[in-house]
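Subject: Handing over the model we discussed

Dear colleague,

Here is the structure I promised to pass on to you, together with my notes on it. Please look through it first, and then read on for what was found.

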Amino acid sequence: RGSSMDQGAQRLYASVQEHLNMVGAALVYNQLSVQQGFSAFDADRDGRISAEDMRKSLAELEMGLTEAEMQVLHAELDRDKDGFLSVSEWEEGLRAADYSAVLLSVGHRPEGAPGPSRGESAMEVVKQKLREAEGRVQKAEARAEEAEKD
């Protein structure tokens with residue numbers, strides 16, 4: 001009876017985990033520390049990440065999360081359920097991210113990753129790298145679909 005709801009919840013969680021993996025990958029790729037990532041997401045600079053901060057940052061990253069996915073991601077990271085992410089909650093969530101698989105899927109090895117250029121905002125670098133990775137993934141998926149047709 002509840003299996004479709006369970007499957008829906010599983011898909012939502014998997015999607016949210018995938019987006020967390022992408023955030024972690026973007027930070028690693030750009031050689032940003034967890035603290036720098038936290039600062040980038042703390043849009044109003046109050047020392048914590050609200051749901052609105054996360055919404056704005058994820059929109060800037062053009063990650064394509066639905067409102068429900070964003071809310072689940074924020075709630076999942078908000079361990080003490082106070083409505084805000086602390087640095088420790090952010091760190092804990094990113095420790096759970098499997099960013100290496102994301103980086104490898106786009107042919108990148110973290111050791112040689114260039115950092116942001118002088119004067120370039122970390123958020124701009126992250127957004128650009130995510131767009132590039134997304135394009136490569138879409139091309140690979142299209143090639144795989146074509147190969148399946150043959």
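A word on the confidence score before anything else: pLDDT is the predictor's confidence in each residue, on a scale from 0 to 100. That score matters here, as what you have is a predicted model. Over the whole protein chain the pLDDT averages 78, and 75% of the residues score at least 70. Element by element, the lowest mean pLDDT, 72, belongs to helix α7 (residues 122-149), while the highest, 98, belongs to strand β2 (residues 84-85). Please treat residues 112-120 with caution, for the pLDDT is below 50 there, although in the model this stretch does have 13 contacts beyond near neighbours in sequence.

As to the overall layout, the protein chain has seven helices and two strands, and along the sequence they follow the pattern α-α-β-α-α-β-α-α-α. Of its 150 residues, 34% count as buried, and the accessible surface comes to about 9,000 Å², with 50% of that belonging to carbon and sulfur atoms. Among the contacts with a separation of 6 or more, 67% are between residues 24 or more positions apart.

The interior is a reasonable place to begin. In soluble globular proteins, nonpolar side chains tend to be buried together. In this model the largest nonpolar core has 26 residues, and Val-23, Met-54, Leu-58, Met-63 and Trp-90 are those with the most contacts inside it. At least two residues of this core come from each of α1 (3-29), α2, α3 (51-60), α4 (67-77), α5 and α6 (99-105), with α1 giving the most, namely seven residues. If residues up to four places away in sequence are not counted, Met-63 touches His-19, Met-22, Val-23, Leu-58 and Leu-130.

Trp-90 also takes part in the aromatic pairs, of which the structure holds two. The ring centres of Phe-38 and Trp-90 are 6.3 Å apart and the planes stand at 70 degrees, so this pair is edge-to-face, given that planes over 60 degrees apart count as such. Because Phe-38 lies in helix α2 (residues 34-41) and Trp-90 in helix α5 (residues 87-95), the pair ties together parts that are 52 residues apart in sequence. Phe-38 is buried, with a relative accessible area of 3%, and Trp-90 likewise counts as buried, at 2% relative accessibility. For Phe-41 and Trp-90 the centres are 4.9 Å apart and the planes are at 45 degrees, so that pair is tilted. It too links distant parts of the chain, with Phe-41 in helix α2 and Trp-90 in helix α5, 49 residues apart. Taken together, the ring pairs link Phe-38, Phe-41 and Trp-90 into a cluster.

Which residues does Ile-49 contact, once its neighbours within four places in sequence are left aside? The list includes Phe-38, Phe-41 and Trp-90, as well as Asp-42, Met-54, His-74, Gly-83, Phe-84 and Leu-85. Ile-49 is found in strand β1 and counts as buried, at 0% relative accessibility. Its C-alpha atom is separated by 8.5 Å from that of Val-87, which is 38 residues away along the chain. Phe-84, one of the contacts of Ile-49, has the charged end of Arg-48 sitting over its ring, 3.4 Å from the ring centre.

A polar residue also deserves a look, namely Asn-21 in helix α1. Asn-21 is buried, with a relative accessible area of 12%, and it touches Ala-97, Asp-98, Tyr-99 and Val-102, not counting residues up to four places away in sequence.

Lastly, two backbone angles may be of interest to you. Arg-45, in the loop between α2 and β1 (49-50), has a phi near 55 degrees, a positive value in a residue other than glycine, and Arg-45 counts as exposed, at 57% relative accessibility. Lys-81, which is found in the loop between α4 and β2, has a positive phi of about 55 degrees although it is not a glycine, and Lys-81 is exposed, with a relative accessible area of 56%.

With kind regards

How values were computed:
Residues numbered from 1 in each chain as written. Predicted model: local features only at pLDDT ≥ 70, side-chain atom pairs only at ≥ 80, totals over all residues. Heavy atoms only, no water. Helix = DSSP H or I, 4+ residues; strand = E, 2+ residues; numbered from the N terminus. Contact = heavy atoms within 4.5 Å. Phe/Tyr/Trp six-rings, centres within 6.5 Å; stacked < 30°, edge-to-face > 60°. Buried < 20%, exposed > 50% of the residue type's maximum accessible area, 1.4 Å probe, protein only. Lys NZ or Arg CZ within 6 Å of the ring centre and 35° of its normal. Core = buried A, V, L, I, M, F, W, Y, C linked by side-chain atoms within 4.5 Å. Areas by Shrake-Rupley, 256 points an atom, 1.4 Å probe, with all protein chains shown as cover.
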